[in-house]
Amino acid sequence: MSQTVSDFVVHRLHDWDVRHIFGYPGDGINGVFGALNRAGGRIEFIQARHEEMAAFMASAYAKFSGRLGVCIATSGPGASHLTTGLYDALLDHQPVLALVGQQARNALGGQYQQELDLVAMFKDVASAYVAQAAAPAQVRHLIDRAARIALARRTVTAVILPNDLQEESYQDPPRAHGTLHSGIGYTPPRVIPHEADLDRAADILNAGRKVAMLVGAGALGATDEVIAAADRLSAGCAKALLGKAVLPDDLPWVTGSIGLLGTEPSYDLMMECDTLLMVGSAFPYSEFLPKESSARGVQIDIDASMLSIRFPMEVGLVGDAAETLRALLPKLKQKSPDGWRNAIEGKVREWWTTLEDRARQPAKPVNPQRVTWELSPRIPDRAIITSDSGSCANWFARDLKMRRGIDASLSGGLASMGAAVPYAIAAKYAAPDRPVIALVGDGAMQMNNMAELITVAKYWRQWKDHRWIVCVFNNEDLNQVTWEQRIINADPKFEASQRIPDVSYSRFAEMIGLRGIYVDRPDLVGPAWDQALASDAPVVLEVKTDPEVPPLPPHITLEQAKNFSIALAKGDPNEVGVIRGTARQVLETIIPGKE
């Protein structure tokens, strides 16, 4: 049998080093699935429960493996379902290729069933490259360009394949006018700034007396260089959420996360510094960066479009983080560790003590901070940790102490609910020999992550290391938004929108063949983690947590305090619970004397 277009697509993707494809089948893409079947396992297909989850998996696979992530879906609704996960990859700068089916070419333009204008639909999320195939000889350069552009620009691309074209015999493009003859392969270039720009940056950093650093996902491959620069400058270093794994938290000058989910030492670091060095970060909230004109700034980023859009930098260095820091280091003068660095380290020590005290405060029934605090010393070497959006991301950001060799990520730029479990599944294909832990709220579990536990039940026996744990914070509340209603909007909790059903996630896990552990006592949280991490099968650890432990920002403004007081005065449905325990220790400075 002659090679079909679909056979060529599969073989070409294999030539591009693609070994896994995440997706869901349908008649609009049947030709490619047939080719995957004929390929004899050269590319492994992972069947998600939903196309959105498949796209999240492709995004996370790219994050954790450094390779091209690929997802696949049928025409119409299959294609449209991909978009949320693809936006996650776009906003977090991950190379992902979407393969989608389309109705037969003769039917297009006739309002045929499941006919959507897919080029138009993907034009935003795959703005770097989206193309629909029209002839067999065209497919070669479509796949080559989509793969190369995704890898080179760290972005999303899409190739649309009409279903009738998928079954046609493949033909290489003829040697004739109007044809293209593409090839495979891409190696990232070495990108470093000009010497003159490095000199200007060094002059600014050397002149600073109180240097602060902020690192993001772009610095994930530059841990040693970041440490060397921070020590040379006697700087403190904060981490954007996607950069949590850049630095281990046992370094005394690492202040932890920054922003709404951040720490007090990170906030103080930014408010008190006179010089800011930002490396590989697109952290969006300018109110948590130094006030304009109060500090000088230097920024390193591989993408020039990200320079000086969060803070007005004096010098923007376009380059790879590790390469640029290595070139910059010989130009930096050694600063004394006295004063500024000592003050930072003192605040960090106090902050970890504060976090432990908060985690051990009583709650009804379990303090959610206790869940991540107890996990921290138990995290296995080389673990991969994923988190969902919502209040669980606060405890992920603040309480988990990172060590070298541990990776961690979540939906950063998009901050989408429902990413943690598909991220954790993809992590097992990026690194099947590493333990994986997902932290998820009950809202995200009910939205779409419970279904993906079925995916885990289908595949986990194939994984080299069977340690795969999802910890569900069951508080029957869409908690982050509840607190935003109180603090930002001055409204009490709206039960109709915020209260969600109580579901037994651990029993559901057992029903589908996984392990389930249920905890509703704080003294059992640590032993439950020990049990989960010792399991020879995937585990759903369900903890009944208190929704009234507040995921508040590290610095509470007068407006936020006022809004909170107004929300309570309006009659919050659980006012007593809101101001007890851990909430009380955080809020007593806002509403002194409140009982």
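## Cysteines and the absence of disulfides

C273 counts as buried, because its relative accessibility is 4%. In this predicted model, the cysteine sulfur closest to that of C273 belongs to C237, and since the two sulfurs are 12 Å apart, they are too far from each other for a bond.

A similar question can be put to C471: is this residue buried or exposed? With a relative accessible area of 0%, C471 is buried, and its sulfur lies 8.9 Å from the closest cysteine sulfur, that of C392, which is again too far for a bond. A disulfide would require a pair of cysteine sulfur atoms within 2.5 Å, and the structure as a whole holds zero disulfides.

## Overall dimensions and fold

The protein is built with 24 helices and 18 strands, and its C-alpha trace spans about 80 × 65 × 45 Å along the principal axes. For 595 residues, a compact globule would be expected to have a radius of gyration near 25 Å, and the value for the protein, 25 Å, agrees with that expectation.

Where contacts between residues at least 6 apart in sequence are considered, 74% of them join residues at least 24 apart.

## Burial, surface and charge

Of the 595 residues, 59% count as buried, while the accessible surface of the protein comes to about 23100 Å², with carbon and sulfur atoms accounting for 50% of that area.

As for charge, the protein carries 60 positive and 70 negative side chains, and the centres of these two sets are 3 Å apart.

How values were computed: Residues are numbered from 1 along each chain as its sequence is written. Side-chain values use heavy atoms; hydrogens and water are left out. Helices (H or I, at least four residues) and strands (E, at least two) are DSSP runs, numbered from the N terminus. The radius of gyration is taken over C-alpha atoms; the globule rule is 2.2 Å times the number of residues to the power 0.38. Buried means under 20% relative accessible area, exposed over 50%, partly exposed in between (1.4 Å probe, protein chains only). Contact means heavy atoms within 4.5 Å. Accessible areas come from the Shrake-Rupley method with a 1.4 Å probe; for residues, only the protein chains shown count as cover. Lys and Arg count as positive and Asp and Glu as negative; His and the chain ends are not counted. The place of a charge is taken as NZ of Lys, CZ of Arg, CG of Asp or CD of Glu.
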